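Colleague: I am new to this structure and would be grateful for a close look at a single part of the model, namely its empty spaces. Please describe the cavities and pockets, together with the strands and the core that belong to the same account.

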Amino acid sequence: MKISYKWLKELIEITETPEEIGKLLTGTGLEVEGIEEVESIKGGLKGVVIGEVLTCEKHPEADRLKITTVDVGLEQPLNIVCGAPNVAVGQKVILATVGATLYPTGSEEPLVLKKSKIRGALSEGMICAEDELGLGQSHDGILVLDTDLPNGTPASEYFGISSDYLIEIGLTPNRADAASHYGVARDLKAVLNRAITLPSVDAFAVDNQSLPISVRVENSEAAPRYAGLTITGIKVGDSPEWLKQRLATIGIRSINSIVDITNYICHELGQPMHAFDADKITGNKVIVKTVTAGTPFVTLDGQDRKLSDADLMICNETEPMCIAGVFGGLTSGVTAETTSIFLESAYFSPIWVRRTAQRFALKTDSSFRFERGTDPNMPLYALKRSALLVKEIAGGSISSDIVDLYPNPVENFEVKVSYRHIDRLLGKSLEKSLIKTILNGLDITITNEDENGFIAVVPPYRVDVQREADIIEEILRIYGFDQIELSSGLSSDYLSDFPVNDPEKLKMRISELLAANGFNETITNSLTKPEPQSTLGDSVFGNPVKILNYLSEDLSVMRQTLIFSGLEVVAYNVNRRQKDLKLFEFGKTYHEVNGKYTEKERIALFVSGNIQEEIWLEKAREVTFHDLAASVNQILVAMKVKNVEKETADANIFSEGITLTLNKKPVVSFGLLKSAITKKADVKAPVFFADFDWDYLLKQYNSAVEFKEVSRFPEVRRDLSLVVEKKITFEELRQIAYKTEKQLLRSVNVFDVYEGANLEGKKSYSISFILQDDQQTLTDKVIDKSMQKLIATYERELGAVIRK
């Protein structure tokens with residue numbers, strides 16, 4: 001947000017410097033990001049003065065040069081060598097003294113004047129032409145002035161060059177009320193306890209009724225208030241210098257007098273306005289409505305746009321003229337030929353304007369303000385103010401009564417406030433009179449006051465102040481954060497216990513683990529499009545959580561899984577020739593089940609391409625299921641998760657995969673994503689995916705560390721080969737082994753699996769068992785007893801045939 005210091009001074013008395021004003025505004029929450037001096041002529045012609053040529057002689061060493069002496073109000077005249085053909089004795093001229101910096105027209109580099117000798121003659125400055133001063137293009141000769149100003153008068157005084165200060169404010173989205181000079185002045189009014197003086201509109205009067213235009217609002221939800229009037233007999237031309245300069249200071253290019261006035265009002269009062277060429281309003285009717293979806297419309301930038309039935313339009317009897325609150329139309333705008341205008345001043349619904357601005361990707365000064373919430377009580381004053389400016393600058397007559405359609409006025413907000421809560425949240429007790437003064441300075445009135453509190457009546461332009469905490473924050477920011485003293489004995493309190501395990505520290509630990517193994521972290525949007533997720537069916541993740549006021553169809557639901565947002569990252573990288581990927585993300589998913597909403601924290605891993613790059617020693621190797629499994633196991637070990645059980649992963653998601661469960665609850669599912677899913681994201685390469693339930697992992701983590709002495713007694717390995725039904729998995733064999741031999745069995749591993757024609761419907765497993773006793777060396781008798789127990793269990797429960 002750009003604010004002119006001089007403009008601000010016209011609304012409120014300011015004796016403070018721009019820097020002091022910057023500190024005051026920052027203290028109120030309007031953070032000033034920079035203050036810059038702005039001059040109508042670059043450099044402000046500092047060091048450039050009016051002089052009088054006393055003598056003028058031909059240079060003895062150059063035919064085209066002359067040696068002059070120029071009186072600039074000093075004790076001695078200056079010696080100047082000049083090459084201009086029109087220099088002569090008695091002329092009043094513009095002279096740049098030694099040390100002055102000029103910015104010549106068309107030159108990228110500034111010119112710094114130095115004392116020099118030109119062909120042996122001393123020159124103590126330069127008599128300037130128009131282009132050398134940056135005032136124009138002419139270089140035919142030096143500027144000769146007709147003035148009685150004394151010699152030595154600064155040239156800036158002669159040319160009326162002004163300087164101003166541009167105050168750059170980093171406006172937060174909630175402070176739409178401060179998106180104007182008037183809005184900023186309101187904060188200064190509260191801080192400095194000074195009055196604001198708005199320009200008077202008492203001179204406003206209707207001159208005649210020669211151009212009445214009827215107005216009809218068909219959608220009062222989108223346009224709660226709409227006002228307008230007509231002005232005839234205007235002459236559109238250039239704006240006066242003061243208006244051009246005022247707009248230029250805040251970075252707005254002058255277009256013509258009428259458009260400049262609407263821009264001026266927008267930045268002065270925060271009320272966007274629009275002027276229509278009245279001759280282009282077919283049927284002398286203005287209709288505020290939506291139109292049929294697909295209706296074509298050409299905006300001021302010359303682009304053809306297709307309207308939707310959710311775009312509020314300002315129309316005439318036959319066609320749309322303007323996208324309400326966003327952008328004008330090409331054919332209805334004011335041009336040099338315009339002689340009559342219809343001035344619009346309205347309050348449009350922030351929701352309607354925001355949706356349309358997002359749909360067309362249009363960000364204008366008007367939409368910026370409307371979509372954050374303007375003052376519904378400002379349109380009439382702004383209309384009168386702009387009409388008077390039009391008459392002053394472009395002439396003409398006000399040729400209709402003001403039309404003001406406001407069927408359902410926006411009410412003030414009423415907030416109940418407790419003095420006890422003010423003291424508690426501020427950490428300091430303020431005098432009640434001071435609280436009232438601050439709130440009155442912010443246009444917040446107090447009613448129903450008693451010893452315990454009051455009702456605060458907040459004007460509707462303060463859309464961000466609707467709760468008790470908001471009122472207290474308003475008091476604090478005007479009183480001053482830096483005026484809240486620290487107590488001599490600082491203390492703290494809390495309502496709930498701190499978690500035993502810090503989730504953020506554990507997140508960082510897992511992130512560092514994955515990063516050390518070549519993974520890169522991604523961060524994706526929780527908002528997504530519904531179509532990819534819907535392909536998996538509601539049975540997988542529950543119903544999607546829909547956004548009520550979504551900005552676009554691509555951001556209309558909350559994600560139910562990290563799969564598709566992660567695949568978008570994979571596709572983005574693959575399309576840029578980055579095919580070997582190891583990615584991870586911590587993120588939340590959102591679900592609606594039986595009318596209840598839940599959100600879950602997840603970790604997702606994505607691995608695709610080559611796991612091993614090609615080197616001279618070996619060829620490149622594509623990633624396999626076991627590479628992902630190794631990373632999954634590392635996370636489980638780091639989170640101290642043990643004794644997981646395996647089951648087949650969801651076939652709707654994985655073409656091959658495993659789900660690890662703990663206490664019958666899934667901890668992680670991982671495997672190769674189905675090609676039907678990856679194709680939804682335009683990913684052709686195989687992608688391995690792991691999905692952890694981070695919330696459940698956190699609950700299982702125990703920071704306690706147990707130490708156990710390494711056994712002094714050796715471990716023993718025994719191998720067993722057995723034939724079982726083909727459907728039997730190694731996981732089943734492993735679990736049976738641990739249940740059967742609980743004392744001595746340390747680990748179980750499969751080192752060979754065989755299936756063949758001679759084993760129809762069956763398969764052969766070769767399994768190794770590691771046995772160890774922490775108290776003594778195992779004997780053959782004990783080992784054989786354990787193995788016989790395992791064999792008997794396999795034969796009894798699985799019908800296994802032991803191969804000997």
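Modeller: The following account goes through the pockets and cavities in turn, with the elements that line them.

The model is a predicted one. I begin with the largest pocket, which holds about 1100 Å³ of space. Its lining consists of 32 residues, and those closest to the centre are Val 644, Lys 646, Leu 660, Glu 731 and Arg 734. The elements that give two or more residues to this lining are α17 (625-638), β37, β38, α20 (730-740), β42 (745-754) and β43 (762-771). Helix α17 gives the most, with 7 residues. By class, the lining of the largest pocket comprises 16 nonpolar, 7 polar and 9 charged residues.

Two of the lining elements, β37 and β38, deserve a further word. Strand β37 covers residues 645-648 and strand β38 covers residues 654-662; the two pair in the antiparallel sense over 4 bridges. Together β37 and β38 make a hairpin, with 5 residues between them. Within this pairing, Glu 645 stands opposite Thr 661 in β38. Strand β38 also pairs with strand β39 (residues 665-673), again in the antiparallel sense, over 8 bridges. In that second pairing, Gly 657 is found opposite Gly 671 in β39. The hairpin of β38 and β39 has 2 residues between the strands, and Asn 663 in this hairpin takes a positive phi near 55°. As a general point, side chains in a regular strand alternate between the two faces of the sheet.

The second largest pocket comes next, with about 780 Å³ of space. It is lined by 32 residues, of which Asn 263, Met 273, Thr 364, Asp 365 and Ser 366 are the closest to its centre. Two or more residues of the lining come from each of α6 (257-269), β16 (273-277), β21 (320-323), β22 and α8 (365-370). The lining of the second largest pocket divides by class into 17 nonpolar, 10 polar and 5 charged residues.

Strands β21 and β22, named among these lining elements, also belong to an open sheet of 5 strands with mixed pairing, in the order β14-β17-β20-β21-β22. The edge strands of this sheet are β14 (214-217) and β22 (327-328), each of which pairs on one side only. Strand β14 runs parallel to strand β17 (residues 285-290), and 4 bridges join them. Here Arg 216 stands opposite Ile 287 in β17.

Met 273, which is among the residues closest to the centre of the second largest pocket, is also touched by Leu 343. Leu 343 in turn is one of the residues with the most contacts inside the largest nonpolar core, the others being Ile 169, Ile 231, Ile 258 and Val 390. That core has 54 residues, and helix α9 (residues 379-394) gives the most to it, with 8 residues. Leaving aside residues up to four places away in sequence, the residues that Leu 343 touches include Ile 231, Thr 262, His 274, Leu 383 and Val 390.

I turn now to the enclosed spaces. A search of the whole structure finds 2 cavities of 30 Å³ or more. The largest cavity contains about 140 Å³ of space. Of the 14 residues lining the largest cavity, Ala 176, Leu 269, Gly 270, Thr 374 and Asp 375 are the closest to its centre. The classes in this lining are 5 nonpolar, 5 polar and 4 charged residues.

The second largest cavity has a volume of about 60 Å³. Among the residues that line it are Arg 175, Asp 177, Arg 186, Asp 187, Lys 189, Gly 441, Tyr 461 and Arg 477. Helix α4 (residues 181-192) gives the most to this lining, with 4 residues. By class, the lining of the second largest cavity has 2 nonpolar, 2 polar and 8 charged residues.

Gly 441, from the lining just described, falls within the span of helix α11 (residues 432-441), where Leu 434 also lies. Leu 434 counts as partly exposed because its relative accessibility is 31%, a value in between the limits of 20% for buried and 50% for exposed. Leu 434 and Tyr 479 are 45 residues apart in sequence, while their C-alpha atoms are 8.8 Å apart in space.

Methods
Residues numbered from 1 in each chain as written. Predicted model: local features only at pLDDT ≥ 70, side-chain atom pairs only at ≥ 80, totals over all residues. Heavy atoms only, no water. Pairing = 2+ DSSP bridges. Buried < 20%, exposed > 50% of the residue type's maximum accessible area, 1.4 Å probe, protein only. 1 Å grid on protein atoms, 1.4 Å probe; cavity = no way out; pocket = protein on both sides within 12 Å on 5 of 7 lines; lining within 4 Å. Points joined across faces, edges and corners; volume = space filled by probe spheres on them. Nonpolar A, V, L, I, M, F, W, Y, C, P; charged D, E, K, R; others polar. Core = buried A, V, L, I, M, F, W, Y, C linked by side-chain atoms within 4.5 Å. Contact = heavy atoms within 4.5 Å.
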